[in-house]
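Here's a quick look at how the ligand is held in this one. Open up the structure and follow along.

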Amino acid sequence: MYDSFRDQLRRFAKEKVAPYAAKVDEEERPPMEAYEASRALGLPGLPFAEEFGGQEGDVLSQIITVEELARACASSATTVSTCWIMMLVQRFGSDEQKRAIIPPVVRGEQRSAWGLTEPKGGSDLMGVVTSAKKTAGGWLLNGTKRFITNGGWADWYLIFARTEADKFGIFLVSKQDPGVSFGAPERKMGLRGSPTSDVILEDCLIPLDRVVGDPVRGGEYIRAGLLASRLKYAAHGLGIAQGALDEAVAYTKSREQFGRPVSDFQMVKGMVADMAMRVEAGRALLLHAATLVMNNDPGAKKYASMAKVMCTDAAMSVATDAVQLHGGYGYLKDYPVERMLRDAKVTQIWEGTNQIQRLMIAKDVYAG
Ligand SMILES: Cc1cc2nc3c(=O)[nH]c(=O)nc-3n(C[C@H](O)[C@H](O)[C@H](O)COP(=O)(O)OP(=O)(O)OC[C@H]3O[C@@H](n4cnc5c(N)ncnc54)[C@H](O)[C@@H]3O)c2cc1C
């Protein structure tokens, strides 16, 4: 079942996503062609419940989707999968929120984003200073969220804000709400087809029923959501690594030096073998972690972190080697590996940097 799903996604990515990957990178604009095509396939609604129009795609089908999209275009994979953050509303929101907000997101008519990171930091999640105060007229939000994927482009923002001294809530903020504005689009090294900006909340007053679940349990909800989303970020890195390996194999077979394809040279073969091993090791760990998450295994968290680090470190090293195997041409924008190398870097930084992931893995290992 998963094999045919993967084949379908691979064909889709090759035909509808890959042709625009260089263009959206060059033009630094959202991947609209790929996004519209993904809507036709129902991908923005993949993980959501059927009652809201979704496809109830499980964790494995989600990571396969992200991997195959990222293999063709990392920005397109980011744009589609960021909309799945509304699964937090399906899981923890009220019936009214689910009925009002999820169906348009599932249909891809409305887009979503999430705001955790702030100018003072992303690693120290519990250090956020954005505040949400309950008033007679609604929740009053103040603060700035930094590096927000889909910032300015999304219709809905899940904002993580401090509600009490050491308690946090998650709030549904609409682009149309008073007091919401956006910073200039960030000019990035890679992932240029994925919009990123500040989300600025200045005396932003939203209705009382826009809090997701309990206003003091936001930290718990985020931690629960991070488990599955970490796997998607791992899959994103894995897709970039696989895409770079594909390019390196094709190029080294066609490029000739000393009267032979460079793929004939042992040193090249050794590099390609190492690249393939990194990709397969990442994929094996990711599939294992996904199975544990789907089975609600208590050990899943450590494996999700391990998969995130393995797959995203593979993205960076395989993309670097793919550029090397292209020689001087790998350094030119004419070849996809140049973009893949730039896209790979962020995967080690976001969703908990790989240093933070290593700290969490070590903590679990020492705890036995
Ligand atoms: C393109 C892009 C898109 C993003 N999209 C989103 C989004 O949609 N929503 C969102 O909320 N955020 C988003 N982020 C933010 C991202 O999650 C943060 O950048 C990331 O969590 C790191 O936070 P920081 O940048 O503040 O770095 P810092 O936390 O300031 O870290 C700086 C360095 O110190 C290291 N460090 C920090 N603490 C420790 C420690 N205890 N031990 C060891 N090393 C440590 C870090 O690993 C890092 O190398 C995005 C970022 C980028 C670049």
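Let's start with the backbone: a polar backbone atom of Trp114 is 2.9 Å away from a nitrogen atom of the ligand. Bear in mind that the model is predicted. Two side chains make polar contacts as well, through Ser123 and Thr149. Here they are side by side:

| Residue | Protein atom | Ligand atom | Distance |
|---|---|---|---|
| Trp114 | polar backbone atom | nitrogen | 2.9 Å |
| Ser123 | polar side-chain atom | oxygen | 2.6 Å |
| Thr149 | polar side-chain atom | nitrogen | 2.8 Å |

On its own, the ligand has 970 Å² of accessible area, and the protein covers 67% of that. As for where it is, the ligand sits in the largest pocket. Three elements each give two or more residues to the shell around it: β1 (112–115), β3 (138–149) and α12 (354–367).

Who's in that shell? There are 19 residues around the ligand, and the ones that come nearest are Leu116, Thr117, Gly122, Ser123 and Thr353. By type, the shell splits into nine nonpolar, eight polar and two charged residues.

Why does the ligand lie between domain 2 and domain 3? Both domain 2 (112–216) and domain 3 (219–367) give residues to the shell, so the ligand lies between them.

Technical notes: Residues numbered from 1 in each chain as written. Predicted model: local features only at pLDDT ≥ 70, side-chain atom pairs only at ≥ 80, totals over all residues. Heavy atoms only, no water. Near = heavy atom within 4 Å. Polar contact = N/O pair within 3.5 Å; in protein donor to acceptor, adjacent residues only side chain to side chain. Areas by Shrake-Rupley, 256 points an atom, 1.4 Å probe, with all protein chains shown as cover. 1 Å grid on protein atoms, 1.4 Å probe; cavity = no way out; pocket = protein on both sides within 12 Å on 5 of 7 lines; lining within 4 Å. Sits in = over half its atoms within 2 Å of the grid points. Helix = DSSP H or I, 4+ residues; strand = E, 2+ residues; numbered from the N terminus. Nonpolar A, V, L, I, M, F, W, Y, C, P; charged D, E, K, R; others polar. Domains from an automatic or database assignment.
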